[in-house]
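Student: I should like to request a close look at a single part of this structure, followed outward into its surroundings. Please set the account out as one connected description.

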Amino acid sequence: MLGSVIASGVPVRVWRTFLYADPAAHSLSPQMHAAAFAAAGWPGRYEARRVAPQDLPAAIGELRAPGVLGANLSLPHKEAALPLLDDLSPAARAIGAVNTVIHRDGRLLGDNTDAPGFLAALDGAGASAAGLSVVLGAGGAARAAVYALHSRGQEVLVVNRTPERAAALTRDLGGQALGAAEVPWAQVRLLVNASSAGLGDPHSSPLTPLPALAPGAFVYDMVYKPAETRLLREARAAGVRAENGLGMLAHQARLAFAAWTGAEVPAEVFLEALAGGVQAPPQP
Ligand code: NAP
């Protein structure tokens, strides 16, 4: 089922993968997947494509073509794609969001690698201690985090700017929705920012002032631009270990690549590509 293109008059067989997002130009995924194809020794191409909401059905249809392995979906398509796919993984169905589409013989499976990618990032940071967790936010990323933490049997509280959305999330996925003032912060071992607060703004934070957390607590901020958010800065200043969302970004990509190709490319390849440590080779 390899696709064929003609480069310089020479037939080159190449696997194709995509990112569908709007906007798409800012994405770091092409450099990660180019490095992964190179590391795996696969002739492959990953193309970030701007897809407007009204064009999503046609773009999803294109994934059924021979030679296409699948696609990543990002904002605003993660939820809208669900009814357009043939099947959903248990995680995608429960979370209600698809970030990875896998093509097999004309059929499209929707999966969610944000959830296991988040857990792998926590593990990589040495932050998988059991105990009370708080997830800030109630969008797709928060739903993935709550699903993931519950899969490890952890107790999760959800705090969101719009309380009704936190309540809806916990109705669907379990956990308890609380206002920030009601959280027993001194017992919290893991604080996860899965909201967009702090994104692109080093001065804003989802939680001010940062409350005192349990001894040995860890703060995971899914935001990675800027690399050091205000939340991370304040956590570290308080002596709390903290990490940004680059690890999750790398691991969700690693898991998507493995689902498409079956190739287990190490997380370091994706992390180095993000850090600019690996110059992605020219795509075939
Ligand atoms: P989303 O569905 O749009 O949800 C955004 C959430 O953030 C909502 O709960 C919203 O609250 C809250 N929010 C927005 N601005 C806020 C503010 N100023 N103060 C407090 N809360 C605010 O987005 P998403 O897809 O869940 O993504 C959330 C974040 O996670 C983004 O920054 C995204 O880049 C990041 N993310 C990172 C990774 C990774 O691999 N590292 C993966 C996925 C997502 P309301 O409900 O009140 O609107």
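Tutor: The part to examine is the stretch of residues 134–179, which an unreviewed UniProt entry annotates as "domain: Quinate/shikimate 5-dehydrogenase/glutamyl-tRNA reductase". The model is a predicted one. Helix makes up 50% of this span and strand 20%, and its end C-alpha atoms are 11 Å apart.

Asn160 is a suitable residue with which to begin. This residue sits in the loop that connects β9 (156–159) with α6 (163–173). Its relative accessible area is 18%, and the cut-off for a buried residue is under 20%, so Asn160 counts as buried. Two polar contacts of the Asn160 side chain may be described. In one of them, a polar atom of the side chain is 3.4 Å from the backbone nitrogen of Ala138. In the other, a polar atom of the side chain is 3.0 Å from the backbone oxygen of Thr162. When neighbours within four places in sequence are set aside, Asn160 is in contact with Gly137, Ala138, Arg165 and Ala166.

Several of these names return at the ligand. There are 22 residues around the ligand, and those that come nearest are Ala138, Ala141, Asn160, Thr162 and Arg165. The polar contacts give further detail. A polar backbone atom of Ala141 lies 2.8 Å from an oxygen atom of the ligand. For Arg165, an N or O atom of the side chain lies 2.8 Å from an oxygen atom of the ligand. Gly245 also takes part, with a backbone N or O atom 3.0 Å from a nitrogen atom of the ligand. The ligand on its own exposes 930 Å², of which the protein buries 78%.

The strand that precedes the Asn160 loop leads into a sheet. This open sheet has six strands in the order β10-β9-β8-β11-β12-β13, and the pairing is parallel. The edge positions are held by β10 (176–177) and β13 (241–243); each has a single partner strand, so one side of each has no neighbour in the sheet. Two bridges join β9 to β10, and the two strands run parallel. Within this pairing, Leu157 stands opposite Gln176 of β10.

A second annotated region provides the wider setting. UniProt, again in an unreviewed entry, lists residues 19–101 for "domain: Shikimate dehydrogenase substrate binding N-terminal". Over these residues the chain is 30% helix and 24% strand, with 10 Å between the end C-alpha atoms. Strand β4 (residues 68–73) belongs to the description here: six of its six residues are buried, so the strand is largely enclosed by the rest of the structure. Strand β4 runs antiparallel to strand β6 (residues 100–104), to which three bridges join it. Ala71 stands opposite Val101 in β6.

The loops on either side of β4 deserve attention in turn. Leu63 is located in the loop between α2 (56–62) and β4. With a relative accessibility of 0%, Leu63 counts as buried. Apart from neighbours within four places in sequence, the contacts of Leu63 are Phe18, Tyr20, Val68, Gly70, Ala71, Val101, His103 and Leu108. Leu63 and Arg107 are 44 residues apart along the chain, with 9.0 Å between their C-alpha atoms.

The loop between β4 and β5 (87–88) contains Lys78. The unreviewed UniProt entry lists Lys78 for "active site". Excluding residues up to four places away in sequence, Lys78 touches Leu73, Gly96, Ala97, Val98, Asn99 and Asp114. Ala81 likewise lies in the loop between β4 and β5. Its relative accessibility of 0% means that Ala81 counts as buried. Beyond its neighbours within four places in sequence, Ala81 is in contact with Leu56, Ile60 and Leu73. The C-alpha atoms of Ala81 and Asp123 are separated by 30 Å, with these positions 42 residues apart along the chain taken as their distance apart.

To return to the part first requested: Asn160 is buried, and Asn160 is also among the residues that come nearest to the ligand. The Asn160 side chain has a polar contact with the backbone of Ala138 and another with the backbone of Thr162, while Ala138 and Thr162 are themselves among the residues that come nearest to the ligand.

Key. Residues numbered from 1 in each chain as written. Predicted model: local features only at pLDDT ≥ 70, side-chain atom pairs only at ≥ 80, totals over all residues. Heavy atoms only, no water. Buried < 20%, exposed > 50% of the residue type's maximum accessible area, 1.4 Å probe, protein only. Helix = DSSP H or I, 4+ residues; strand = E, 2+ residues; numbered from the N terminus. Pairing = 2+ DSSP bridges. UniProt positions renumbered as here; feature names shortened; annotations may be inferred. Contact = heavy atoms within 4.5 Å. Near = heavy atom within 4 Å. Polar contact = N/O pair within 3.5 Å; in protein donor to acceptor, adjacent residues only side chain to side chain. Areas by Shrake-Rupley, 256 points an atom, 1.4 Å probe, with all protein chains shown as cover.
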